[in-house]
Amino acid sequence: MSDFTVGQIIAERSVHLTRESLVRYAGASNDFNPIHYNDDVAAAVGLPGVLAHGMLTMGIAVGIVSDALGDPARIAECGVRFTRPVVVDTETGADIHVSAKVGAVDDDAARIDLTVRFADTSVLGKAQVRVRVN
């Protein structure tokens, strides 16, 4: 994909997370904070349940843009603010919905604005990916 138009949706996808997804990510990232796998610890620190790693959520969202581009090297930069948690239920897991929409285009790059939702709530704020157009 090389032609971008402001307002164009370049990708939309839902990703299902399970507790196994969190364990796998913990191993890959070396982030074994028990709030990401232990209900008792999550409750003890006042969380609504076991949370997905914020960087996992961001990685899923940016990965969807990378897949749509067909070349991860075209991603020049990305950034997000973590605004709400993704609670991963032990039985039902969690579904993350990502929409990637072109927000701006100039001669060298396009800004892709990400909407990332869990349970009808936005979980990433100011989520943007800058991609090379050439």
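Ser66 touches Asp71, Pro72 and Ile75, leaving aside residues up to four places away in sequence. This residue is found in helix 3, which covers residues 54–69. With a relative accessible area of 13%, Ser66 falls under the 20% cut-off, so it counts as buried. Keep in mind that what you're looking at is a predicted model.

Ser66 has plenty of company. Helix 3 also buries Leu56, Thr57, Met58, Ile60, Ala61, Val62, Ile64, Val65 and Leu69. What sits over these buried residues? The cover includes strand 1 (9–17), helix 1 (19–29), strand 2 (75–82), strand 3 (94–105), strand 4 and strand 6.

How does the length of helix 3 work out? It has 16 residues, and at 1.5 Å a residue they should span 22 Å. The end C-alpha atoms are 23 Å apart, which agrees. Right after the helix comes Gly70, with a positive phi near 80°.

Now for the middle of things. The largest nonpolar core has 36 residues, and those with the most contacts inside it are Phe4, Leu17, Val65, Val86, Ile112, Leu114 and Val131. Strand 1, helix 3, strand 2, strand 3, strand 4 and strand 6 each put in at least two residues. Which element gives the most to this core? That's helix 3, with eight residues.

Take Ile112 as one of those well-connected core residues. Not counting residues up to four places away in sequence, Ile112 touches Phe4, Ile10, Val65, Ala100, Lys101, Val102, Ala127, Gln128, Val129 and Val131.

On to the backbone. Most residues other than glycine have a negative phi. Two residues here go the other way, even though neither is a glycine: Asp120 and Lys126. Are they buried or exposed? Asp120 counts as exposed, and so does Lys126. Here they are side by side:

| Residue | Phi | Relative accessibility | Place |
|---|---|---|---|
| Asp120 | about 60° | 69% | loop between strand 4 (109–118) and strand 5 (121–122) |
| Lys126 | about 45° | 60% | strand 6 (residues 124–132) |

Finally, a word on annotation. An unreviewed UniProt entry lists residues 11–101 as "domain: MaoC-like". Over that stretch, the chain is 36% helix and 25% strand. How far apart are the end C-alpha atoms of residues 11–101? They are 7 Å apart.

How values were computed
Residues are numbered from 1 along each chain as its sequence is written. This is a predicted model: local features need pLDDT of at least 70, side-chain atom pairs count only at pLDDT 80 or more; totals for chains, interfaces and linings use all residues. Side-chain values use heavy atoms; hydrogens and water are left out. Helices (H or I, at least four residues) and strands (E, at least two) are DSSP runs, numbered from the N terminus. Buried means under 20% relative accessible area, exposed over 50%, partly exposed in between (1.4 Å probe, protein chains only). Contact means heavy atoms within 4.5 Å. UniProt positions are given in the numbering used here, feature names are shortened, and annotations may be inferred rather than shown by experiment. The expected span of a helix is 1.5 Å times one less than its number of residues. A nonpolar core is a set of buried Ala, Val, Leu, Ile, Met, Phe, Trp, Tyr and Cys residues joined through side-chain atoms within 4.5 Å.
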